[in-house]
Amino acid sequence: STGSVSASPESYDESYLIPVSIGGTTFHLDLDTGSSDLWVFSTQQPASQRSGHTAYKQTGTKKSGYTWNISYGDGSGAKGDVYVDKVVVGGVTATSQAVEAATSVSSSFTSDTDNDGLIGAAFSSINTVSPQQQLTFFDNVKNSLSQKLFAARLRYHTAGTYDYGYIDSSKYSGSIHYVPVNTANGFWEFTASGVSGSSIADTGTTLLYIPDSNVDAYYANVDSASYDSSQGGYTFDCDESLPDWTVTIGSGSITVPGEYINFAPVSGNTCFGGIQSSDGIGFNIFGDIFLKATYTVFDQTQSSPRLGFAQG
Ligand SMILES: O[C@H]1CN[C@@H](c2nc(-c3ccc(C(F)(F)F)cc3)no2)C1
């Protein structure tokens, strides 16, 4: 089988949401290649905590005694219990998917009323369900796909797609360049040339986080840029045109247009940069600012997983 689903950006491309059918109800979920839980708002939460969200009203079978509890890089989090239900994404069906229903979520999830939860697409080794870890949607369907892969084509300020089971050559230029993936930490982890340390491909992270030295070198070419500790990153005049940023990954290179690196206004005519420091995180994060310049293939067709990057 194959399938494709739209990925619609929230404002400023903060995150990209996909429609997912769970037990016949459609939820708008953040597909996150940096985590491995599929969780949704549910009627088990206080009404005030789920106002404005689509909430799961148990349609599947409860997995008695199973719980989950997840925290994200920004300090947000959620927890709850577990059901098994039918999940459909872009026409691809998992008949018995672990659906993690929230009993509580942090305030930033409550206030993001476009977002009804997450669908994780990292490796199942970091799924948080206890006492028995559960499989991601991709792990549940990959054997039914024409090819064991999915591909992300996120776009700047407009809807993109996630393709399942096939590569759409109309969505990129040039060729796809593949690099090996280290799965030891459960992420789509790879090495990029000229960027020290390990990097992860993370559709659930908004910005591009690279080492200080690379960040300082980039903004040295932006006259109005400075590090603003009150904003927690580099900011600049919203009217200043920004240089492109190019990186070599394996035998290919990807260029992020300067326009994409103006993330959003933070106050008046001051804008926050899409490239920020990864120092203190533990690895570099190639998030949406980078991914929206690419067609990225999350590939398990070979004996060991690999990532493919092409210019979008
Ligand atoms: O943990 C890493 C795994 N991938 C990154 C990720 N972060 C979120 C997230 C989504 C929505 C929210 C909220 F709505 F604002 F609460 C918060 C965090 N989703 O993936 C970071």
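About 40 Å³ of space lies in the largest cavity of this structure, which is a predicted model. Let's start our walk there. Rolling a probe the size of a water molecule over the atoms shows where empty space is left. For this structure, that search gives two cavities of 30 Å³ or more. The walls of the largest cavity are made by Leu31, Ile119, Gly120, Ala121, Phe137, Phe138, Phe150 and Tyr164. Two elements give two or more residues to this lining: strand 8, which covers 117–120, and helix 2, which covers 137–141. In terms of chemistry, the lining of the largest cavity holds seven nonpolar residues, one polar residue and no charged ones.

Now to the second largest cavity, where the space is again about 40 Å³. Its lining is a longer list to look up in the structure: Ser36, Asp37, Leu38, Gln97, Ala98, Glu100, Ile119, Gly120, Asn127, Leu135, Thr136 and Phe137. You may recognise Ile119, Gly120 and Phe137, since these residues line the largest cavity and the second largest cavity. Strand 7 (92–105) and strand 8 each bring at least two residues to the lining of the second largest cavity, and strand 7 has the largest share, with three residues. By class, five of the lining residues are nonpolar, five are polar and two are charged.

From the cavities, we can move on to a pocket. The largest pocket has a volume of about 1000 Å³. Its lining consists of 36 residues, and those nearest the centre of the pocket are Tyr72, Gly73, Asp74, Gly204 and Thr205. Several elements supply at least two lining residues each: strand 3 (25–32), strand 5 (61–71), helix 1 (107–111) and strand 21 (275–277). The lining of the largest pocket is a mix of 14 nonpolar, 15 polar and seven charged residues.

Next, look at the ligand. Which residues come nearest to the ligand? There are 14 residues around the ligand, and Asp32, Gly73, Asp74, Asp202 and Gly204 come nearest. Three of the contacts are worth finding in the structure. In the side chain of Asp32, an N or O atom is 2.9 Å from a nitrogen atom of the ligand. Gly73 uses its backbone instead: one of its backbone N or O atoms lies 2.9 Å from an oxygen atom of the ligand. Gly204 also has a backbone N or O atom facing an oxygen atom of the ligand, here at 3.2 Å. Gly73 and Gly204 are also among the residues nearest the centre of the largest pocket.

Strand 21 takes us from the pocket to the sheets. Five strands make an open sheet with mixed pairing, in the order 12-13-22-14-21. Strand 12 (189–190) and strand 21 stand at the edges with a single partner strand each, so one side of each has no neighbour in the sheet. Strand 21 pairs with strand 14 (residues 208–210) in the parallel sense, over three bridges. If you would like to see one such bridge, find Tyr209, whose partner in strand 21 is Gln276.

Another open sheet has four strands in the order 15-16-20-19, with antiparallel pairing. Strand 15 (226–228) and strand 19 (262–267) are the edge strands, each pairing on one side only. On average, neighbouring strands of this sheet are turned by 45° against each other, direction ignored. Strand 19 and strand 20 (residues 270–273) pair over four bridges in the antiparallel sense, and Pro265 stands opposite Cys271 in strand 20. These two strands form a hairpin with two residues between them, and Gly268 in the turn has a positive phi of about 55°.

That angle leads to our last stop, the backbone itself. Most residues other than glycine have a negative phi, and most peptide bonds are trans. Where does Asp13 lie? Asp13 sits in the loop between strand 1 (3–9) and strand 2 (16–22), and its phi is near 60°, a positive value in a residue other than glycine. The peptide bond that joins Ser130 and Pro131 is cis, with omega about 5°. Pro131 belongs to the loop between strand 8 and helix 2, which brings us back to the two elements that each give two or more residues to the lining of the largest cavity.

Technical notes: Residues are numbered from 1 along each chain as its sequence is written. This is a predicted model: local features need pLDDT of at least 70, side-chain atom pairs count only at pLDDT 80 or more; totals for chains, interfaces and linings use all residues. Side-chain values use heavy atoms; hydrogens and water are left out. On a 1 Å grid over the protein atoms alone, a cavity is a set of points where a 1.4 Å probe fits but cannot get out, and a pocket is an open set with protein on both sides within 12 Å along at least five of seven lines; lining residues have an atom within 4 Å of a point. Grid points are joined across faces, edges and corners, and a volume is the space filled by probe spheres set on the points. Ala, Val, Leu, Ile, Met, Phe, Trp, Tyr, Cys and Pro count as nonpolar, Asp, Glu, Lys and Arg as charged, and the others, Gly among them, as polar. Two strands pair if DSSP finds at least two bridges between them. Axes are lines fitted to C-alpha atoms, for helices over the stretch in contact, and angles run from 0 to 180 degrees between N-to-C directions. A residue is near a molecule or strand if one of its heavy atoms lies within 4 Å of it. A polar contact is a pair of N or O atoms within 3.5 Å; within protein, one must be able to donate a hydrogen and the other to accept it, and residues adjacent in sequence count only if both atoms are side-chain atoms.
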